[in-house]
Amino acid sequence: MQHEQPLTPREPPAAAGQPDAFVDWFRRCTPYVHAHRGRTFVIAFGGEALADASLPELVHDIALLHGLGIRLVLVHGARPQIEQRLAERGAEMRYVNGLRVTDNAALGCVKEAAGSARVEIEALLSMGLANSPMAGVRIPVASGNFVTARPLGVLEGIDYQHTGAVRRIDRQSLRRRLDDGAVALMPPIGYSPTGEVFNLSAADVARAAAIALNADKLIFLVEGTGLTDAEGAVVSNVLAAEVDNLLQREPKLPEDLTQALRAGAQACRGGIRRVHLISRETDGALLRELFTRDGAGTLISGEPYEELRTARSDDIPGIRELLRPLEQEGVLVPRPREHLETAIERFQVTERDGTIISCAALFCFPQERMGELACVAVHREYRDQGRGDRLLARMEAVARERGVDRIFVLTTQTAHWFREHGFERARIDDLPLAKQQLYNYQRNSQVYIKRLAG
Ligand SMILES: CC(C)(COP(=O)(O)OP(=O)(O)OC[C@H]1O[C@@H](n2cnc3c(N)ncnc32)[C@H](O)[C@@H]1OP(=O)(O)O)[C@@H](O)C(=O)NCCC(=O)NCCS
């Protein structure tokens, strides 16, 4: 049957002996595929996404995540659709203090917009055309009365009518649908025990659903470029505790971004460890965020952010403090301060709350296309949590950028850790000539070499 033929990647195979970029890239995704399988992600996006020509691409990416075994809850907004329907009736949504007042006319439009959005998303997730990424895929979609809401009520004399707030999420029903392999779809609508319908903010629904499900990630696909700094660069991390200050400093942020930041910070306080804000307008940003080391958007987290970066000279005292005990124990060869000063840009460090908690350096031997990995250290209190692994991956990326094919390390006590990370025992003769001449026979370190892929 033709529709069961999956699309095949178009990249031609690499020439014999050459690294295959596609294969290499695919393999590097493996840890993320394993890490995400069986996890629950809540993904929220505005009604703008539904109106955009790029909606099929977004849905394809969502289908891919579902195919990789991720349990997905999609929460959508409907603001442009509601406003358009109101405009067609010569009315408009009223906002007071940034909150919408949903009167009877607006509520009618909310229901219509939510119904139409559901049909649209269900149609795209049901597609199975042979020449599309959805070939042979058919994804069950579940929606329903998962959200119990209450009226926002009268605030400072203003009656917000059918505008509501989330009161409760029917966690069990949602879980059951996800267990059955469905993608759960949640509109910005809630129902009260009195049978009324309420217009909710999609960010609020997403926050509540994520907390109720104890989701592994809450992802907001925001309009525009997302949260940027004064230079226009995307801010990679925000602490939940900083969000209120940030919103006060930046009162002119777009409304969807403000809502996502606020709901994201609340979700962190409610126990969600990772909240991502990603620009919806960048094609594939969702995949990049989830399957690459550095991601593409802003992470809101409850914990202090750790930055893995190239060292600067003001890091020298921190690096020395980290290395000193290891030098005293004989695990590392002592390095004089002057040596650190001249070689500081060869170091990568992890900084957490102003403290250097890991470091490593790469010294290149261009003639042999080899690089020596040195001063590899993770602070004792922060070991066994994958930091060494991440540091090594960064050093390998730096080595590749510098044209290094093989990295080596001289070690006395950490051979097994390197072996478990793809290094193989080698001889002193395998080292670059300049290094062989400096080899300290008294220390008798073992030589380990790793060939870098791609
Ligand atoms: C080696 C080191 C960088 C690893 O850092 P880390 O952040 O703990 O690394 P990870 O979390 O990625 O890996 C931890 C795993 O490696 C293992 N491991 C740590 N040191 C090891 C060693 N010397 N030999 C074998 N395995 C080791 C841990 O037991 C843990 O195993 P587990 O996952 O099965 O529990 C860190 O232990 C360190 O700083 N050691 C002292 C300095 C050093 O030896 N540097 C290398 C000099 S050549």
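A good place to enter this structure is the glycine G318, which is found in helix α11. The model is a predicted one, and every value that follows was computed from it. At 22% relative accessibility, G318 counts as partly exposed, because a residue is called buried only under 20% and exposed only over 50%. Although G318 and C359 are separated by 41 residues in sequence, their C-alpha atoms are 9.7 Å apart in space.

From this one residue we can step back to the chain. The chain has 454 residues, of which 45% count as buried, and its secondary structure comes to 15 helices and 23 strands. Taken along the principal axes, the C-alpha atoms fill a box of roughly 85 × 60 × 40 Å. If one takes the contacts between residues at least 6 apart in sequence, 71% of them join residues at least 24 apart.

Helix α11 leads on to a sheet. Seven strands form this open sheet, and they follow one another in the order β17-β18-β19-β20-β21-β23-β22, with mixed pairing. At the edges stand β17, with residues 306–310, and β22, with residues 424–426; each has a single partner strand, so one side of each is left without a neighbour in the sheet. Neighbouring strands of this sheet are turned against each other by 30° on average, when direction is ignored.

Within the sheet, one pair of strands can be followed in detail. Strand β18, made of residues 347–352, and strand β19, made of residues 355–365, run antiparallel and are joined by six bridges. At one position in this pairing, E351 stands opposite I356 in β19.

Which strands does helix α11 lie across? This helix, residues 316–328, lies across β18, β19 and β20, and it runs at about 85° to β19. Helix α13, residues 387–401, also lies on this sheet, reaching across β17, β18, β19, β20, β21 and β23, and its direction makes an angle of about 35° with β19.

The loop between β20 and α13 holds D384, a residue whose backbone deserves a closer look. Most residues other than glycine have a negative phi. D384, however, has a positive phi of about 65° although it is not a glycine. Is D384 buried or exposed? With a relative accessible area of 81%, D384 is exposed, because that value is over 50%. Another residue of this kind is E156, which has a positive phi of about 45° and is not a glycine either. E156 sits in the loop between β7, residues 154–155, and β8, residues 158–159, and with a relative accessible area of 75% E156 is exposed.

A further open sheet is built from eight strands in the order β5-β10-β2-β1-β13-β15-β16-β14, and its pairing is mixed. Its edges are formed by β5, residues 141–142, and β14, residues 237–239, each of which has a single partner strand, so one side of each is left without a neighbour in the sheet. Inside this order, strand β2, residues 71–76, pairs with strand β10, residues 183–186, in the parallel sense over three bridges, and the bridge partner of V75 in β10 is M186.

The last part of the tour turns to helices that pack against each other. Two packed helices are described by the angle between their axes and the distance between the axes. Helix α3, residues 55–67, and helix α5, residues 104–126, pack at an angle of about 60°, with their axes 10 Å apart. The two helices are therefore oblique to each other, and α3 passes α5 in a right-handed crossing. Here L55, P56 and V59 in α3 meet E120, L124 and L125 in α5, so that by class the contact has five nonpolar residues, no polar residues and one charged residue.

Helix α5 also meets helix α4, residues 79–88, and the axes of α4 and α5 come within 8 Å and cross at roughly 130°. That angle makes α4 oblique to α5, and α4 passes α5 in a right-handed crossing. Which residues make the contact between α4 and α5? On the side of α4 they are Q81, I82, R85 and L86, while α5 contributes A105, A106, C109, V110, E112, A113 and S116. By class, the residues of this contact divide into seven nonpolar, two polar and two charged.

How values were computed. Residues are numbered from 1 along each chain as its sequence is written. This is a predicted model: local features need pLDDT of at least 70, side-chain atom pairs count only at pLDDT 80 or more; totals for chains, interfaces and linings use all residues. Side-chain values use heavy atoms; hydrogens and water are left out. Two strands pair if DSSP finds at least two bridges between them. Helices (H or I, at least four residues) and strands (E, at least two) are DSSP runs, numbered from the N terminus. Axes are lines fitted to C-alpha atoms, for helices over the stretch in contact, and angles run from 0 to 180 degrees between N-to-C directions. Contact means heavy atoms within 4.5 Å. Angles under 35 degrees count as roughly parallel, over 145 as roughly antiparallel, 65 to 115 as roughly perpendicular and the rest as oblique. A crossing is left-handed if the near helix is turned anticlockwise from the far one by less than a right angle, and right-handed if clockwise. Buried means under 20% relative accessible area, exposed over 50%, partly exposed in between (1.4 Å probe, protein chains only).
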